[in-house]
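Please walk through this protein with me, one feature at a time. Keep the sequence and the 3D view side by side.

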Amino acid sequence: MKVTVSRRAHFNAAHRLYRKDWSQEKNDAIFGKCNNPNFHGHNYELIASVTGEIDQETGYVIDVKVLKDIIKTEIEDAFDHKNLNLDVPEFKELNPTAENIVVIIHQKIKSKLESNLDLEVTLYETPRNFVSYSGK
């Protein structure tokens, strides 16, 4: 019997969408105002959903406190009130699009979970714009 346990979290961060190997004109054409050289920010919301078998001894798929602590350490502490381009090592060479951010978040959380657990992360950049990644 597989069950999904979810935890919602948030962080605030700035970023700039651009490629160093493109001209300013091409960056402007592709990324528009998201290419602002002075950066821009979002109030990101994320939902981390862990799926697995219910442990017969504890009744848990995962202790929600454990999931909460992983998200705090791996994501909130690392990303909150940071400039993703400048302050977060994973984005030194990786364009911090919502798509790339959700993949990095997934990798960071998944690395702390037991291997028998599946993970899906949904990241809201705005209330209407969001991406999801399940590692596939």
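The lining of the largest pocket mixes three kinds of residue: seven are nonpolar, five are charged and two are polar. Keep in mind that the model is predicted. The volume of this largest pocket is about 220 Å³. Its lining has 14 residues, and the closest to the pocket's centre are Tyr60, Val61, Ile62, Glu114 and Leu117. Tyr60, Val61, Ile62 and Leu117 count as nonpolar, because Tyr, Val, Ile and Leu belong to that class. Glu114 counts as charged, because Glu belongs to the charged class.

Now turn to charge pairs. Side chains of opposite charge can pair when their charged atoms come close. How many salt bridges does a search of the whole structure find? The search finds seven.

Start with glutamate 74 and lysine 112. Their side chains meet in a salt bridge, with N and O 3.9 Å apart. That pair just qualifies as a salt bridge because the cut-off is within 4 Å. Where do the two partners, glutamate 74 and lysine 112, lie? Glutamate 74 is in helix H2, residues 64-79. Lysine 112 is in the loop between helix H4 (98-110) and strand S4 (118-124). The pair therefore ties together parts that are 38 residues apart in sequence. Is glutamate 74 buried or exposed? Glutamate 74 has 15% relative accessibility, so it counts as buried. Lysine 112 has 48%, so it counts as partly exposed.

Next, find lysine 108 and glutamate 90. Their side chains form a salt bridge too, at 3.4 Å from N to O. Lysine 108 sits in helix H4, while glutamate 90 sits in the loop between helix H3 (84-87) and H4. So this pair ties together parts that are 18 residues apart in sequence. Lysine 108 is buried, because its relative accessible area of 15% is under 20%. Glutamate 90 is partly exposed, with a relative accessible area of 30%.

These two pairs belong together. Glu74, Glu90, Lys108 and Lys112 are linked in a network of salt bridges.

One more pair is worth finding. The side chains of aspartate 21 and arginine 19 meet in a salt bridge, with 2.7 Å from N to O. Is aspartate 21 buried or exposed? Aspartate 21 is exposed, because its relative accessible area of 56% is over 50%. Its partner arginine 19 counts as partly exposed, at 36% relative accessibility.

Conventions. Residues are numbered from 1 along each chain as its sequence is written. This is a predicted model: local features need pLDDT of at least 70, side-chain atom pairs count only at pLDDT 80 or more; totals for chains, interfaces and linings use all residues. Side-chain values use heavy atoms; hydrogens and water are left out. Buried means under 20% relative accessible area, exposed over 50%, partly exposed in between (1.4 Å probe, protein chains only). Helices (H or I, at least four residues) and strands (E, at least two) are DSSP runs, numbered from the N terminus. On a 1 Å grid over the protein atoms alone, a cavity is a set of points where a 1.4 Å probe fits but cannot get out, and a pocket is an open set with protein on both sides within 12 Å along at least five of seven lines; lining residues have an atom within 4 Å of a point. Grid points are joined across faces, edges and corners, and a volume is the space filled by probe spheres set on the points.
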